[in-house]
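Me: Got a minute to go through this one with me? I'll put it up here.
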Amino acid sequence: MERIATIADHTRQPTTLMLCQGCHTQFIQRHGNQRYCSPRCQARSTHQRYRETHRAVLRARTQASRQRAKERSHHDEQSRERQ
Ligand SMILES: [Zn+2]
């Protein structure tokens, strides 16, 4: 989280200008812990982070299923040769 500046709006309550962690757009933080300019941006960013975290798992799964398919096709070739 990068704090750019603290400004005061007309309500005289301190308002913090933040940099959105999703699209890197400046926005005014309206409540504590707000890190994204909009709920949509937060949802998109959360989804991206989920994919990045699980990319290694997904890749391993894809390789395992490819390996199984390879073994299956190899087995089919062998059974064809016997016929
Ligand atoms: Zn954003």
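Me: Where in the protein chain is confidence lowest, and where is it highest?
Reply: This is a predicted model. Confidence is lowest in strand 1, residues 3-8, at a mean pLDDT of 63. It is highest in strand 3, residues 26-29, at 93.
Me: And what does the protein chain average?
Reply: A pLDDT of 82. Of the residues, 75% score at least 70.
Me: OK, layout. How many helices and strands are there?
Reply: There are 1 helix and 3 strands in the protein chain.
Me: Which pattern do they follow along the sequence?
Reply: β-β-β-α. The strands come before the helix in that pattern.
Me: How many of the residues count as buried?
Reply: Just 2% of the 83 residues in the protein chain.
Me: What about contacts between residues far apart in sequence? What share do they make up?
Reply: Take the contacts with a separation of 6 or more. Residues 24 or more positions apart account for 5% of those.
Me: Switching to cysteines. Where is Cys23?
Reply: Cys23 sits in the loop between strand 2 and strand 3.
Me: What does Cys23 touch, leaving out residues up to four places away in sequence?
Reply: Cys37 and Cys41. That is contact by C-beta atoms within 7 Å. Also, the C-alpha atoms of Cys23 and Gln42 are 9.4 Å apart, with their positions 19 residues apart in sequence.
Me: Why does Cys23 count as partly exposed?
Reply: Because Cys23 has 14 C-beta neighbours inside 10 Å. The exposed class stops at 12 or fewer, and buried starts at 20 or more.
Me: Cys37 came up there. How far is Cys37 from Leu19?
Reply: 8.0 Å, C-alpha to C-alpha. Leu19 and Cys37 are 18 residues apart in sequence.
Me: Which strand holds Leu19?
Reply: Strand 2. Leu19 counts as partly exposed, because it has 15 C-beta neighbours inside 10 Å.
Me: Backbone next. What is phi for His24?
Reply: Near 60°. That is a positive value in a residue other than glycine.
Me: Why bring that up?
Reply: Because most residues other than glycine have a negative phi.
Me: Where is His24, then?
Reply: In the loop between strand 2, residues 14-19, and strand 3.
Me: Is His24 buried or exposed?
Reply: Exposed, because His24 has 9 C-beta neighbours inside 10 Å.
Me: And Asn33, what is its phi?
Reply: Near 70°, a positive value too, and Asn33 is not glycine. Asn33 is in the loop between strand 3 and helix 1.
Me: Why is Asn33 exposed?
Reply: Because only 6 other C-beta atoms lie within 10 Å of Asn33.
Me: Last one, His31. Where is it found?
Reply: His31 is in the loop between strand 3 and helix 1, residues 39-82.
Me: How many other C-beta atoms does His31 have within 10 Å?
Reply: It has 5, so His31 is exposed.
Me: How far is His31 from Thr16?
Reply: Their C-alpha atoms are separated by 9.3 Å. Along the chain, His31 and Thr16 are 15 residues apart.

Key
Residues are numbered from 1 along each chain as its sequence is written. This is a predicted model: local features need pLDDT of at least 70, side-chain atom pairs count only at pLDDT 80 or more; totals for chains, interfaces and linings use all residues. Helices (H or I, at least four residues) and strands (E, at least two) are DSSP runs, numbered from the N terminus. Two residues are in contact if their C-beta atoms, placed from the backbone, lie within 7 Å. pLDDT is the predictor's confidence in each residue, from 0 to 100.
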